[in-house]
Every structure is written in structure tokens, then in C-alpha cells.
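These are my notebook entries on one structure. I set down what I looked up, entry by entry.

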Amino acid sequence: WLSSMIFDKTEQRCFIFWFQISGDDVGQLLVDIFYDNNHRETIWKLSQNKGNKWYEGRVGFNSKNMTYKYIKYK
């Protein structure tokens with residue numbers, strides 16, 4: 001698991017990250033947002049072998065007028 005600091009509320013945000021997912025049994029790679037009301041929302045996921053390379057991931061979202069933090073895990 002990777003967890004970010006808490007960010008201030010905003011209308012539009014773009015989260016950019018690098019990932020590598022490979023192997024026969026990769027499961028899922030997820031990026032979730034935890035809002036200040038303890039609601040969790042998956043904003044990005046991938047569940048396929050992409051080979052032994054690094055890729056850039058991007059996802060846009062709206063923070064719903066709440067503070068939030070990113071959680072990235074497999």
C-alpha cells in the first residue's frame with residue numbers, strides 16, 4: 001500500500017503516477033481516494049499483465065468539496 005498526505009478540497013484534479021504490473025497472477029492494481037467523511041472510491045484499476053515495463057497512469061477526478069488522500073495498492 002502507498003498512501004499520500006491529505007490534500008485540500010478542489011474541483012478538478014489529475015493524479016499522475018508510474019506503475020509496473022507483470023506476472024501470471026497479477027491480481028489488481030487499484031488507486032482509491034479516501035474522503036474526509038471516510039468514503040472510499042476507486043478511481044482507477046488495472047487487472048492484466050502489462051509485461052516488465054513501467055507505464056504512466058493518469059486519472060482525473062473531482063474531490064466533491066472534501067479533503068482527501070490517495071491510496072494505491074495491489
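**Entry 1: Trp18**

In which strand is Trp18 found? I located Trp18 in strand 2. I should record at once that the model is a predicted one.

I then asked whether Trp18 is buried or exposed. Its relative accessibility is 52%, so Trp18 counts as exposed, the cut-off being over 50%.

Next I looked up what Trp18 touches, leaving aside residues up to four places away in sequence. The residues are Trp54, Tyr55, Glu56 and Lys72. For Glu56 I also noted the separation from Trp18: 38 residues in sequence, but 4.5 Å in space from C-alpha to C-alpha.

**Entry 2: the chain as a whole**

I stepped back to the overall build. The protein chain has six strands and zero helices. Along the sequence I read the pattern β-β-β-β-β-β.

I looked up the extent of the chain along its principal axes: the C-alpha atoms fill a box of roughly 40 × 20 × 15 Å. The protein chain has 74 residues, of which 32% count as buried. Its accessible surface comes to about 5,100 Å², and carbon and sulfur atoms hold 47% of that surface.

How do the contacts spread along the sequence? I considered the contacts with a separation of 6 or more, and 74% of them are between residues 24 or more positions apart.

I also looked up the charges. The protein chain carries 11 positive and 8 negative side chains. The centres of these two sets lie 3 Å apart.

**Entry 3: aromatic pairs**

How many aromatic pairs does a search of the whole structure find? The search finds seven. One of them joins Phe7 and Tyr68, with ring centres 5.5 Å apart and planes at 25 degrees to each other. This pair is stacked, because its planes are under 30 degrees apart.

I then asked why this pair ties together separate parts of the chain. Phe7 lies in the loop between strand 1 (2–3) and strand 2 (13–19), whereas Tyr68 lies in strand 6 (residues 68–73), so the pair links parts that are 61 residues apart in sequence.

I checked the cover of both partners. Phe7 has 23% relative accessibility and counts as partly exposed. Tyr68, at 1%, counts as buried, because the cut-off for that class is under 20%.

I also found a cluster: ring pairs link Phe15, Phe17, Phe19, Trp44 and Tyr55. Tyr55 has a charged companion as well, since I found Lys50 over the face of the Tyr55 ring, at 5.3 Å from the ring centre.

**Entry 4: Phe34**

I placed Phe34 in strand 3. Its relative accessible area is 23%, and I entered Phe34 as partly exposed.

Which residues does Phe34 touch, not counting those up to four places away in sequence? I listed His39, Arg40, Thr67, Tyr68, Lys69 and Ile71. Tyr68 in this list is also the partner of Phe7 in the stacked pair. I further looked up Met66, which is 32 residues from Phe34 along the chain; the C-alpha atoms of the two are separated by 9.7 Å.

**Entry 5: three loop residues**

Where is the place of Gly27? I found Gly27 in the loop between strand 2 and strand 3 (29–35). Gly27 is partly exposed, with a relative accessible area of 39%. Not counting residues up to four places away in sequence, Gly27 touches Leu46 and Ser47. I compared its position with that of Lys64: the two are 37 residues apart in sequence and 29 Å apart in space, C-alpha to C-alpha.

I turned to Asn38, whose place is in the loop between strand 3 and strand 4 (40–46). Its phi is near 70 degrees, a positive value in a residue other than glycine. Asn38 has 71% relative accessibility and counts as exposed.

Finally I looked up Asn65, in the loop between strand 5 (55–61) and strand 6. Asn65 has a positive phi of about 60 degrees, although Asn65 is not a glycine. At 57% relative accessibility, I recorded Asn65 as exposed.

Terms used: Residues numbered from 1 in each chain as written. Predicted model: local features only at pLDDT ≥ 70, side-chain atom pairs only at ≥ 80, totals over all residues. Heavy atoms only, no water. Phe/Tyr/Trp six-rings, centres within 6.5 Å; stacked < 30°, edge-to-face > 60°. Helix = DSSP H or I, 4+ residues; strand = E, 2+ residues; numbered from the N terminus. Buried < 20%, exposed > 50% of the residue type's maximum accessible area, 1.4 Å probe, protein only. Lys NZ or Arg CZ within 6 Å of the ring centre and 35° of its normal. Contact = heavy atoms within 4.5 Å. Areas by Shrake-Rupley, 256 points an atom, 1.4 Å probe, with all protein chains shown as cover. Lys, Arg positive; Asp, Glu negative; His and termini not counted. Charge placed at Lys NZ, Arg CZ, Asp CG, Glu CD.
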